[in-house]
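Subject: The structure for you to look at

Hi,

Here is the structure I promised to pass on. Please open it beside this email and follow along as you read.

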Amino acid sequence: MEQEDLLRAKLNGETSRMPWKELLRFFASGTVIAVSPELDLVDVAMRIANDDAAAIAQWMVGNQVGKVSDAQASAWLEADAALWTVVVKPWILVQQRDERKD
């Protein structure tokens with residue numbers, strides 16, 4: 001369990017807000033994954049880091065985790081959105097959350 005705690009702390013410490021426009025080149029390369037606001041970004045990052053295929057598949061089927069669509073990318077660009085991000089190589093996970101809750 002200690003290993004899990006260390007990973008959670010590491011990922012939590014690497015989580016930051018970033019303007020969407022700074023992520024466009026990664027979006028163009030297909031490495032940006034959107035995480036639904038109802039999920040915990042760090043928990044999703046941990047599951048990906050640990051190759052939890054069952055949880056990831058369930059989230060994908062439920063449209064809670066998946067590659068960012070062109071429509072979503074355009075909307076974030078137009079809104080000059082800043083998203084919460086965390087890197088789990090080769091992926092960059094992004095999440096839009098209500099700023100009033102942050």
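Below is what I found, going from the sheet to the core, then the pocket, and ending with some single residues. Please keep in mind that this is a predicted model.

**The sheet**

A good place to start is the open sheet of five strands, whose order is E1-E4-E5-E2-E3, with mixed pairing. At the edges are strand E1 (16–19) and E3, each of which pairs on one side only. From one strand to the next, the twist averages 40 degrees. As background, strands of a sheet pair through backbone hydrogen bonds, and they can do so in a parallel or an antiparallel way.

You can walk across the sheet pair by pair. E1 and E4 are antiparallel and share four bridges. To find this pair on screen, look for Arg17, which stands opposite Trp84 in E4. Next, E4 and E5 also run antiparallel, joined by five bridges. Two facing pairs help here: Val87 is opposite Ile92 in E5, and Val88 is opposite Trp91 in E5. These two strands, E4 and E5, make a hairpin with two residues between them. Then the direction changes: E2 and E5 run parallel, with three bridges joining them. In that pair, Ile33 has Leu93 of E5 as its bridge partner.

How much of E4 and E5 is covered? Strand E4 (residues 82–88) has five of its seven residues buried, so it is mostly covered, where buried means under 20% relative accessible area. E5 is mostly covered too, with four of its five residues buried.

**The core**

In soluble globular proteins, nonpolar side chains tend to be buried together. Here, the largest nonpolar core has 18 residues, and Leu11, Val44 and Leu93 touch the most other members. Two or more residues each come from E2, helix H3 (41–49), helix H4 (53–61) and E4. Which element gives the largest share of this core? That is H3, with six residues. You have already met Leu93, the partner of Ile33 in the sheet.

**The pocket**

The largest pocket has a volume of about 170 Å³. Its lining is made of 13 residues, and those nearest the centre are Ala34, Val35, Ser36, Pro37 and Gln64. Strand E2 (32–35), strand E3 (65–67), helix H5 (70–78) and strand E5 (91–95) each bring at least two residues to the lining. What classes of residue make up this lining? There are six nonpolar and seven polar residues, and no charged ones.

**Two buried valines**

Val65 sits in strand E3. Is this residue buried or exposed? Val65 counts as buried because its relative accessibility is 8%, which is under the 20% cut-off. Along the chain, Val65 and Leu39 are 26 residues apart, and their C-alpha atoms are separated by 9.0 Å.

Val68 lies in the loop between E3 and H5. With a relative accessibility of 9%, Val68 also counts as buried. Val68 and Asp43 are 25 residues apart in sequence, and from C-alpha to C-alpha they are 19 Å apart in space. It is worth drawing both distances on your screen.

**Some backbone details**

Most residues other than glycine have a negative phi, and most peptide bonds are trans. Three places in this model go the other way, so have a look at each of them in turn.

- The peptide bond from Lys89 to Pro90 is cis, and its omega is near 5 degrees. Pro90 belongs to the loop between E4 and E5.
- Asp51 is not a glycine, yet its phi is positive, near 55 degrees. This residue is in the loop between H3 and H4, and it is exposed because its relative accessible area is 66%, over the 50% cut-off.
- Asn63 also has a positive phi, of about 55 degrees, without being a glycine. Asn63 is found in the loop between H4 and E3, and with a relative accessible area of 69% it is exposed.

Enjoy exploring, and write back with any questions.

Best wishes

Methods. Residues numbered from 1 in each chain as written. Predicted model: local features only at pLDDT ≥ 70, side-chain atom pairs only at ≥ 80, totals over all residues. Heavy atoms only, no water. 1 Å grid on protein atoms, 1.4 Å probe; cavity = no way out; pocket = protein on both sides within 12 Å on 5 of 7 lines; lining within 4 Å. Points joined across faces, edges and corners; volume = space filled by probe spheres on them. Nonpolar A, V, L, I, M, F, W, Y, C, P; charged D, E, K, R; others polar. Pairing = 2+ DSSP bridges. Axes fitted to C-alpha atoms, helices over the stretch in contact; angles between N-to-C directions. Buried < 20%, exposed > 50% of the residue type's maximum accessible area, 1.4 Å probe, protein only. Core = buried A, V, L, I, M, F, W, Y, C linked by side-chain atoms within 4.5 Å.
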